[in-house]
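Hello,

Here is the structure I promised to hand over. Please open it alongside this note; what I found follows below.

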Amino acid sequence: LDDKLKNGPLSVTETAALFTQIAASLENAHEQGIVHRDLKPANVMITDDDRVKVLDFGLVKAIDEGQQASATSPGTLTGTPLYMSPEAIDSPLSVDARSDIYAVGAVGYFLLTVEPVFQPPTLVELCKRQVDEAPIAPSERLGKEVSAALEIALLACLEKSRAKRPQTARDLE
């Protein structure tokens, strides 16, 4: 997906199609009891027939903590900060499927704008914005109208509170 974005932002139609497929792929992972924790364009492959494959489950976390010893220590970041949920920054041991939903929204935002949701100069400032600041709507960032349904879905994924996000990838679809 990273390579596809080198040519510029995707259309609303392409973004919506890929966004939906990414969500479906993550729903499959969540149904298997795992959270990806590092969803980003570089971890999404587009096949020759335009199907999505989510890759690199190297930072996976079991949804049921009893299934694994935690690979995350308190005070460490696990994932790519541009796509991390607020809870992944504030409380890495508490991430769940809704953290991946946040990342789906951040990836979808990037597909549409070719800009990350937040792009401050330092990692500390990025983390602060991920936790505290509401994103600028894609239509505002682009200076043009965007499908209302897609924009609503993206911004719902990027809610700071997990309780306000779609609760599952299936809800998002």
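**Helix α4**

Helix α4 is mostly covered, with 16 of its 17 residues buried. Keep in mind that this is a predicted model. The helix runs over residues 97-113. From first C-alpha to last, α4 reaches 25 Å, close to the 24 Å expected at 1.5 Å a residue. Just after α4 comes V114, which takes a positive phi of about 55 degrees.

**Salt bridges**

How many salt bridges does the structure hold? The count is 13. Three of the pairs are described here, starting with E27 and R170.

E27 forms a salt bridge with R170, and their closest N and O atoms are 3.7 Å apart. E27 lies in helix α2 (residues 12-31) and R170 in helix α8 (residues 169-172), so this pair ties together parts that are 143 residues apart in sequence. Is E27 buried or exposed? E27 counts as buried, because its relative accessibility is 8% and the cut-off for buried is under 20%. The pair also belongs to a network of salt bridges, which links E27, E31 and R170.

D38 and K40 make another salt bridge through their side chains, at 3.7 Å from N to O. D38 has 8% relative accessibility, so D38 counts as buried.

R141 pairs with E115 in a salt bridge. The closest N and O atoms of R141 and E115 are 3.4 Å apart. R141 sits in helix α6 (residues 138-142), while E115 is in the loop between α4 and α5 (123-132), so the pair ties together parts 26 residues apart in sequence. Both ends of this bridge are partly exposed: R141 has 22% relative accessibility, and E115 has 28%.

**Where α2 meets α7**

Helix α2, which carries E27, also packs against another helix in the sense of side-by-side contacts: V12, T15, A16 and F19 in α2 meet L150, A153, L154 and C157 in α7. Helix α7 covers residues 148-157. The axes of α2 and α7 come within 11 Å. How do the two helices cross? They cross at roughly 45 degrees. That angle is not under 35 degrees and not in the 65 to 115 range, so α2 and α7 are oblique to each other. The crossing is left-handed.

For a first look, I would start with α2. This helix holds E27 of the E27 and R170 pair, and it crosses α7.

Best wishes

Definitions and conventions:
Residues are numbered from 1 along each chain as its sequence is written. This is a predicted model: local features need pLDDT of at least 70, side-chain atom pairs count only at pLDDT 80 or more; totals for chains, interfaces and linings use all residues. Side-chain values use heavy atoms; hydrogens and water are left out. Helices (H or I, at least four residues) and strands (E, at least two) are DSSP runs, numbered from the N terminus. The expected span of a helix is 1.5 Å times one less than its number of residues. Buried means under 20% relative accessible area, exposed over 50%, partly exposed in between (1.4 Å probe, protein chains only). A salt bridge is a side-chain nitrogen of Lys or Arg within 4 Å of a carboxyl oxygen of Asp or Glu. Axes are lines fitted to C-alpha atoms, for helices over the stretch in contact, and angles run from 0 to 180 degrees between N-to-C directions. Angles under 35 degrees count as roughly parallel, over 145 as roughly antiparallel, 65 to 115 as roughly perpendicular and the rest as oblique. A crossing is left-handed if the near helix is turned anticlockwise from the far one by less than a right angle, and right-handed if clockwise. Contact means heavy atoms within 4.5 Å.
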